[in-house]
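Pull up the model and keep the sequence beside it. We'll walk through the fold together, one piece at a time.

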Amino acid sequence: MNKKQFRQFMMEEFKCPPDTAHVVNRIFDIFDTNGDGAVDWQELFAGISQFLGGDLDSKAAFYFSLYVILYSVCKRRLPLRC
Ligand SMILES: [Ca+2]
């Protein structure tokens with residue numbers, strides 16, 4: 001699916017409010033690991049599995065990527081807690 005389809009999927013399935021569309025777009029960029037402008041099923045499930053499971057290193061890398069996105073969106077530091 002392309003970015004528009006991904007955004008529509010995430011907004012409908014996860015009930016994301018409209019003002020989070022830019023964050024969903026950035027999540028698309030993380031999920032699109034080969035950078036071809038589309039998220040295939042393998043990339044989608046790999047991305048979702050990082051939300052739900054995976055080892056500690058992959059979770060840490062994924063959440064740090066989200067932190068960087070949120071930091072760039074909010075333009076301020078967010079507290080990091082372990
Ligand atoms: Ca891709």
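Of the contacts in the protein with a separation of 6 or more, 28% are between residues 24 or more positions apart. Keep in mind that this is a predicted model. Its mean pLDDT is 78, with 79% of the residues at 70 or more. Confidence varies by element: helix 2 has the highest mean pLDDT, 87, while helix 4 (residues 56-74) has the lowest, 69.

The layout is easy to trace. There are 4 helices and 0 strands, so to speak an α-α-α-α run from the N terminus on. Not much of the chain is buried, though: 6% of the 82 residues.

So where is the largest nonpolar core? It has 5 residues, namely Phe 6, Ile 27, Phe 28, Phe 31 and Val 39. Helix 2 (residues 21-31) is the main contributor to this core, giving 3 residues.

Helix 2 deserves a slower look. Its buried residues are Ile 27, Phe 28 and Phe 31. Look down the axis of helix 2 and these buried residues fall within an arc of 110°, so they line one face of the helix. The general rule behind such a pattern is that an α-helix has 3.6 residues a turn, so residues three or four places apart point the same way. Covering the buried residues of helix 2 are, among others, helix 1 (3-13) and helix 3.

Now find His 22, also in helix 2. Is His 22 buried or exposed? It counts as exposed, because it has 12 C-beta neighbours inside 10 Å, and the cut-off for exposed is 12 or fewer. For a spatial landmark, try Arg 7: its C-alpha lies 9.1 Å from that of His 22, and the two are 15 residues apart along the chain.

Back to the core, and to Val 39. Setting aside neighbours within four places in sequence, Val 39 is in contact with Met 1, Phe 6, Phe 28, Phe 31, Asp 32 and Leu 44. Among these partners, Phe 6, Phe 28 and Phe 31 belong to the core as well.

Carry on along the chain to helix 3, which spans residues 41-52. From first C-alpha to last, its 12 residues reach 16 Å, close to the 16 Å expected at 1.5 Å a residue. How many of the 12 residues of helix 3 are buried? The count is 0, and helix 3 is hardly covered. Just after helix 3, look for Gly 54, which takes a positive phi of about 90°.

How values were computed: Residues are numbered from 1 along each chain as its sequence is written. This is a predicted model: local features need pLDDT of at least 70, side-chain atom pairs count only at pLDDT 80 or more; totals for chains, interfaces and linings use all residues. A nonpolar core is a set of buried Ala, Val, Leu, Ile, Met, Phe, Trp, Tyr and Cys residues joined through C-beta atoms within 7 Å. A residue is buried if 20 or more other C-beta atoms lie within 10 Å of its own, exposed if 12 or fewer, and partly exposed in between; C-beta atoms are placed from the backbone. Helices (H or I, at least four residues) and strands (E, at least two) are DSSP runs, numbered from the N terminus. Two residues are in contact if their C-beta atoms, placed from the backbone, lie within 7 Å. The expected span of a helix is 1.5 Å times one less than its number of residues. The arc is that of the directions from the helix axis to the C-beta atoms. pLDDT is the predictor's confidence in each residue, from 0 to 100.
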